[in-house]
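Reader: I am new to this structure and would like a friendly tour. Could we look at it together and take it step by step?

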Amino acid sequence: MTLGIFEPANRPLAGAPIDHAPEGPSKKLYRSLFQPDAGLPGPSALVLEQARTYLREQLTQVEQQHCDLPADPAEVGAWIKNNVAQVGEDYRAYLAQRKLGGARRFFPTRSHALHFLGTVAPTKLVDGSWLYGLSSHWRDARFLPLIRTYLEELGEGVPDRNHVALYKRLLAAQDCEHVGELDDDCYRQGVIQLALAYLADDFLPEVVGFNLGYEQLPLHLPITAYELDELGIDPYYFTLHVTVDNADVGHAQKALQGLTSFMRQSPLAGDAAEFYRRVRNGFKLNGLGPDSTAIIDNFTLDAEVEAIFVNKAAIGSMMHSDYCSIGGRTVNAWLSDPSRIPAMLEAFQQAGWIKRHQPLSHSRFWKLIQGDRAAMFGVFSGYERQVISDWIVGDAAAAMPRPLSFRARRRLLEQIAPVADSPGSTGLSERSGDSSLDAEVRALEQDVAASANRDEAMALLIRNIGPNTHWNPVGLCATRLFERLLTA
């Protein structure tokens, strides 16, 4: 299975959510911005104009909404500290509740967590992109805190720290690229971030404000990391954000530095008040689209199991023999009408093929989809099997031994065979073994070395550290070279 971090920008996005739903306006624009036409370094002029219109529509929508950001920019620093203190207090209360035997707040089952990972993928796969457009201002000291934030989002060119590469690996490792049809609104945040990336010169105050909001530590982040670890899922992508977004020397502090530097010398003809008004509107863009809590709340096992079988019905209705009849119908007959899926699942239970709230080994159906020589091997993805298994086991899970957490399992594996030093490392090299990609990296290095001056070299590198390229070998190399020249 490909890990999806080595493809050039114009190849299909590996690790992206597989979504066969009809393209709504947000999803369509997301694809156009994230996957430019072959041969183009970025989106076409037509797509950029569509993004501009989209972004203006979102800003119009938030114009009259409440803003948590203080009305006085001088109070933002104190506001950040208060937010961090409140999140810390709330997280300590959460941990205390868990130590007393309280249930997980977000993810009762592993499949619930995987559904969340797949549903937020359109946003996570453009992580940090809103700052990309600022990189061309590398000579202007006012931009440096935010440019450095962007480079850190890119892992400073290190594959095991690049946020998008990490998320792609997480999706691939859990086989949850496909979580069913995503609502068009799930692409909304991604479109906003990509639009800001490519239109930063026109929406600079909004970029500053959006970044200020996005880099604040939300309570759901440490809770998500804690519960993923409990469920045996690598939490590193989320724990990394808890650490790098800190308000001391991390991204929250750099976001404040960026705001402060622009307020002292506003690029809008010295109109600081107008600049800050737009900053606050950019801040409010963070609230558009479904938030993490809404996505978590919008999951039920029963509905997800039914959706999985409905999706399989289209290709499975003619693939079964007619020897076996369940509840008076053949499997083909059941699958021929998606509206019968709930009744089919009930018939499977009545016939004893599925025994709810019992160990998986008691269900004949489970043995058909999982295990050596399973008759339906490969029909269901890893995510889909997890949903089905959690649904079958149900209440019986409470009586089963608690599985090892991700960190505990990692420590055990390290005793058997030491792994790479990096906490989130998968032991993977940025090199894919693809000679064509290796040649592209060498060509970039040679082109940079042959540049007439620093400005020409930086312009070449900027073209390769965009949202759709920075996570592949060429982009990672470009990121390292950009940082080296930035500090030269």
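Reader: Which residues are linked with Arg98 in a network of salt bridges?

Author: Welcome! Please keep in mind that this is a predicted model. Side chains of opposite charge can pair when their charged atoms come close. Here such pairing joins Arg98 in a network with Arg104, Glu230 and Arg402.

Reader: How far apart in sequence are the parts that Arg98 and Glu230 tie together?

Author: The side chains of Arg98 and Glu230 meet in a salt bridge, with 2.9 Å from N to O. Arg98 sits in helix H3 (residues 76–99) and Glu230 in helix H10 (residues 220–230), so the parts tied together by this pair are separated in sequence by 132 residues.

Reader: Are Arg98 and Glu230 buried or exposed?

Author: The word for a residue depends on its relative accessible area, with under 20% on one side and over 50% on the other. For both Arg98 and Glu230 the answer is buried.

Reader: Which residue of helix H10 forms a salt bridge with Arg407?

Author: Arg407 belongs to helix H20 (residues 406–416), and its partner lies in helix H10, so the pair ties together parts 178 residues apart in sequence. Arg407 is partly exposed at 38% relative accessible area, while the partner, Asp229, counts as buried at 11%. The closest N and O atoms are 3.5 Å apart, and the partner is Asp229.

Reader: Asp185 and Arg188 also meet in a salt bridge. What is the relative accessible area of Arg188?

Author: The N to O distance in this pair is 3.6 Å. Asp185 is partly exposed, at 33%. Arg188 is buried, because its value falls under the 20% cut-off; its relative accessible area is 12%.

Reader: How many salt bridges does a search of the whole structure find?

Author: We have met several by name, including Arg98 with Glu230 and Arg407 with Asp229. The search of the whole structure gives a total of 17.

Reader: Which helices do the buried residues of H13 pack against?

Author: Helix H13 covers residues 272–284, and its end C-alpha atoms are 18 Å apart, in agreement with the span expected for 13 residues. Its buried residues include Phe275, Tyr276, Val279 and Phe283. The buried residues of H13 pack against helix H2 (45–62), H3, helix H9 (204–214) and helix H12 (251–264).

Reader: What is the area of the nonpolar surface patch that includes Ile416?

Author: Ile416 lies in helix H20 and is exposed, with a relative accessible area of 65%. Together with Leu404, Leu412 and Leu413, Ile416 makes a nonpolar surface patch of about 400 Å².

Methods. Residues are numbered from 1 along each chain as its sequence is written. This is a predicted model: local features need pLDDT of at least 70, side-chain atom pairs count only at pLDDT 80 or more; totals for chains, interfaces and linings use all residues. Side-chain values use heavy atoms; hydrogens and water are left out. A salt bridge is a side-chain nitrogen of Lys or Arg within 4 Å of a carboxyl oxygen of Asp or Glu. Helices (H or I, at least four residues) and strands (E, at least two) are DSSP runs, numbered from the N terminus. Buried means under 20% relative accessible area, exposed over 50%, partly exposed in between (1.4 Å probe, protein chains only). The expected span of a helix is 1.5 Å times one less than its number of residues. Contact means heavy atoms within 4.5 Å. Patches are made of residues with over 30% relative accessible area and no salt bridge: like charges are joined within 9 Å, nonpolar side chains (Val, Leu, Ile, Met, Phe, Trp, Tyr) within 5 Å. Accessible areas come from the Shrake-Rupley method with a 1.4 Å probe; for residues, only the protein chains shown count as cover.
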